[in-house]
Amino acid sequence: MAERSLRGTNLSSLSMESDENVVLSDRQIVRYACPQGHISELPFSVEADVPALWECRCGEEAKLIDGPEPERKPTKHVRTHWDMLLERRSIPELEELLEERLTVLRASRGEKPRRKRTA
């Protein structure tokens, strides 16, 4: 088996291609600035659509210098557990359920039942 293996080559990590006769597309250098003051210079093809926002190395959103204002997509309101609960129940229903559960809890502890509060 050793006679059939290729010796002297590392096929796993080295490419046998060369850069000869390869024509690279025209490039432009695009600059982005983030709120922290970092400037990022990135090469893009002249034919490429240049994004208005780019993630800076610090994690902030960097804006294209001398470019159009980026379009902000409308964001959805984050629904909390409480918001979803209020979609299903009203406040008086929730107060009634709370009172029922407190009665069950107090009974399991051996406490005396309390009178209902009136508003």
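A residue counts as buried when its relative accessible area is under 20%, and as exposed when that value is over 50%. Keep that in mind for the exercises below, and remember that you're looking at a predicted model.

**Exercise 1. Decide whether Ser 45 is buried or exposed, and find what it touches.**

Step 1: Find the residue. Ser 45 sits in strand 2.

Step 2: Apply the cut-off. The relative accessible area of Ser 45 is 15%, and buried means under 20%, so Ser 45 is buried.

Step 3: Look at its surroundings. Skip the neighbours within four places in sequence, and Ser 45 is in contact with Ser 25, Asp 26, Arg 27 and Gln 28.

Step 4: Pick out the polar contact. The side chains of Ser 45 and Ser 25 make one, at 3.4 Å.

Now zoom out: of the chain's 119 residues, 12% count as buried. The accessible surface of the chain is about 11,600 Å², with 51% of it belonging to carbon and sulfur atoms.

**Exercise 2. Walk along the chain from the N terminus and work out in which order the strands lie in the sheet.**

Step 1: List the elements. The chain has two helices and four strands, and from the N terminus they run β-β-β-β-α-α.

Step 2: Start with strand 1 and strand 2. They pair in the antiparallel sense over seven bridges, and Ala 33 stands opposite Ile 39 in strand 2. These two strands form a hairpin with five residues between them, and Gly 37 in the turn has a positive phi of about 95°.

Step 3: Go on to strand 3 and strand 4. Here the antiparallel pairing runs over three bridges, with Glu 55 opposite Glu 61 in strand 4. This pair is a hairpin with five residues between its strands, and Gly 59 in the turn has a positive phi of about 100°.

Step 4: Link the hairpins. Strand 1 (residues 27-33) pairs with strand 4 (residues 61-64), again in the antiparallel sense, over two bridges. Ala 33 stands opposite Lys 63 in strand 4.

Step 5: Put it together. The result is an open sheet of four strands in the order 2-1-4-3, with antiparallel pairing. Strand 2 (39-45) and strand 3 (53-55) each have a single partner strand, so they stand at the edges, and one side of each has no neighbour in the sheet. On average, neighbouring strands of this sheet are turned by 40° against each other, direction ignored.

**Exercise 3. Work out how helix 1 and helix 2 are placed against each other.**

Step 1: Check the axes. Those of helix 1 (residues 81-88) and helix 2 (residues 91-109) come within 9 Å and cross at roughly 100°.

Step 2: Name the arrangement. Angles of 65 to 115 degrees count as roughly perpendicular, so helix 1 is roughly perpendicular to helix 2.

Step 3: See who makes the contact. Helix 1 brings Trp 82, Leu 85, Leu 86 and Arg 88, while helix 2 brings Ile 91, Glu 93 and Leu 94.

**Exercise 4. Look at Asn 21 and Asp 66: where do they lie, and are they buried or exposed?**

Step 1: Recall the background. Most residues other than glycine have a negative phi.

Step 2: Check the backbone. Asn 21 has a positive phi of about 60° although it isn't a glycine. Asp 66 isn't a glycine either, and its phi is positive at about 60°.

Step 3: Place them. Asn 21 lies in the segment before strand 1, while Asp 66 is in the loop between strand 4 and helix 1.

Step 4: Apply the cut-off. Exposed means over 50%, so with a relative accessible area of 81% Asn 21 is exposed. Asp 66 is exposed too, with a relative accessible area of 81%.

**Exercise 5. Find what share of the chain's contacts join residues at least 24 apart in sequence.**

Step 1: Choose the contacts to count. Take those between residues at least 6 apart in sequence.

Step 2: Read off the share. Among these contacts, 20% join residues at least 24 apart.

Conventions: Residues are numbered from 1 along each chain as its sequence is written. This is a predicted model: local features need pLDDT of at least 70, side-chain atom pairs count only at pLDDT 80 or more; totals for chains, interfaces and linings use all residues. Side-chain values use heavy atoms; hydrogens and water are left out. Two strands pair if DSSP finds at least two bridges between them. Axes are lines fitted to C-alpha atoms, for helices over the stretch in contact, and angles run from 0 to 180 degrees between N-to-C directions. Buried means under 20% relative accessible area, exposed over 50%, partly exposed in between (1.4 Å probe, protein chains only). Contact means heavy atoms within 4.5 Å. Accessible areas come from the Shrake-Rupley method with a 1.4 Å probe; for residues, only the protein chains shown count as cover. A polar contact is a pair of N or O atoms within 3.5 Å; within protein, one must be able to donate a hydrogen and the other to accept it, and residues adjacent in sequence count only if both atoms are side-chain atoms. Angles under 35 degrees count as roughly parallel, over 145 as roughly antiparallel, 65 to 115 as roughly perpendicular and the rest as oblique.
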